[in-house]
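Visitor: Please take one part of this model and look at it closely, and then place that part within the rest of the chain. I would like a connected account that I can follow with the sequence and the structure side by side.

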Amino acid sequence: MKTLLLIRHAKSDWPENMDDFDRPLTELGKTNAPKMAEFLKSKGVTIDAFISSPAQRARHTCELFSEVFGKQYQTNEKLYRPSENNFLSVIFDVADDVTSLALFSHNNGISNFANSLSSELVNLPTSGVVAYEINCDKWSDFEMAEKKFLYFYSPKNF
């Protein structure tokens, strides 16, 4: 059994003359991301691996989460402006000893992918988290495995 968490980056700013990729988190984003991580931790959530879009706002969100959980993180360019196949490609490459995986990405891609996994429809807000139980032992079996919605949290939960 595996667990997949999909996490949308925290609230970000869009300063003039700045490329989308380089957009920073707002003060609210810098506050909400670690609060959400602490909230998950207080609920007994464990995360073995963190993989983020390399875009500044997603990477910074992932960094704040990984600090709370005391884990390293990595980036994968497939999570920036992702399609459903991009998510699958990242998931298929995860080591099988990882039981719980958190992916940090962007809308619309992350919400679209979440909605392809179960009948529970979500529109992930910034710092939003949705999780699924995946009935498989190998991440390479993810696509055909039964998936069960576990929970959805947003900053409105705290």
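**Loops, salt bridges and unusual backbone**

Guide: With a relative accessibility of 0%, S127 counts as buried, because the cut-off for that term is under 20%. This is a predicted model, and S127 is a fitting place to enter it, since the residue combines that burial with a backbone feature. Its phi is positive, at about 65 degrees, although S127 is not a glycine, and the residue sits in the loop between α4 and β5 (129-134).

A positive phi is also found at R81, which is not a glycine either and has a value of about 50 degrees. R81 belongs to the loop between β3 and α3, and here the surroundings of the side chain can be stated as well: R81 counts as exposed because its relative accessible area is 62% and the cut-off for exposure is over 50%.

From R81 the path leads to D20, for the side chains of D20 and R81 form a salt bridge with an N to O distance of 3.6 Å. This pair ties together distant parts of the chain, with D20 in the loop between β1 and α1 and R81 in the loop between β3 (73-75) and α3 (84-92), the two being 61 residues apart. Through shared partners, the salt bridges bring D20, R23, R57 and R81 together in one network.

The other contacts of D20 can be taken in turn. With R23, D20 makes a salt bridge in which the closest N and O atoms are 3.1 Å apart, and both of these residues are buried. With R57, the side chain of D20 meets in a salt bridge of 3.3 Å, N to O. That pair, too, links distant parts of the chain, since D20 lies in the loop between β1 (2-8) and α1 while R57 lies in helix α2 (residues 56-69), 37 residues away. D20 itself is buried, at a relative accessible area of 12%, and R57 counts as buried at 5% relative accessibility. In total, the structure holds four salt bridges.

The loop between β3 and α3 also contains P82, which is buried, with a relative accessible area of 12%. In sequence P82 and N108 are 26 residues apart, and in space their C-alpha atoms are 8.4 Å apart. N108 is placed in the loop between β4 (100-105) and α4 (109-115), and the peptide bond leading from N107 to N108 is cis, with omega near 10 degrees.

Charge appears on the surface in another form, as a patch of negative charge in which D48, D96, D97, D137 and D141 gather. Of these residues, D48 can be located in the loop between α1 (27-42) and β2 (49-52), and D48 is partly exposed, with a relative accessible area of 34%.

Finally, the chain as a whole gives these parts their setting. The protein chain has four helices and six strands, which follow one another from the N terminus in the order β-α-β-α-β-α-β-α-β-β. Its radius of gyration is 14 Å, close to the 15 Å that the globule rule gives for 158 residues, so the chain is as compact as a globular protein of that length. The C-alpha trace spans about 45 × 30 × 30 Å along its principal axes, and 51% of the 158 residues count as buried.

Key: Residues are numbered from 1 along each chain as its sequence is written. This is a predicted model: local features need pLDDT of at least 70, side-chain atom pairs count only at pLDDT 80 or more; totals for chains, interfaces and linings use all residues. Side-chain values use heavy atoms; hydrogens and water are left out. Patches are made of residues with over 30% relative accessible area and no salt bridge: like charges are joined within 9 Å, nonpolar side chains (Val, Leu, Ile, Met, Phe, Trp, Tyr) within 5 Å. Accessible areas come from the Shrake-Rupley method with a 1.4 Å probe; for residues, only the protein chains shown count as cover. Lys and Arg count as positive and Asp and Glu as negative; His and the chain ends are not counted. The place of a charge is taken as NZ of Lys, CZ of Arg, CG of Asp or CD of Glu. Buried means under 20% relative accessible area, exposed over 50%, partly exposed in between (1.4 Å probe, protein chains only). The radius of gyration is taken over C-alpha atoms; the globule rule is 2.2 Å times the number of residues to the power 0.38.
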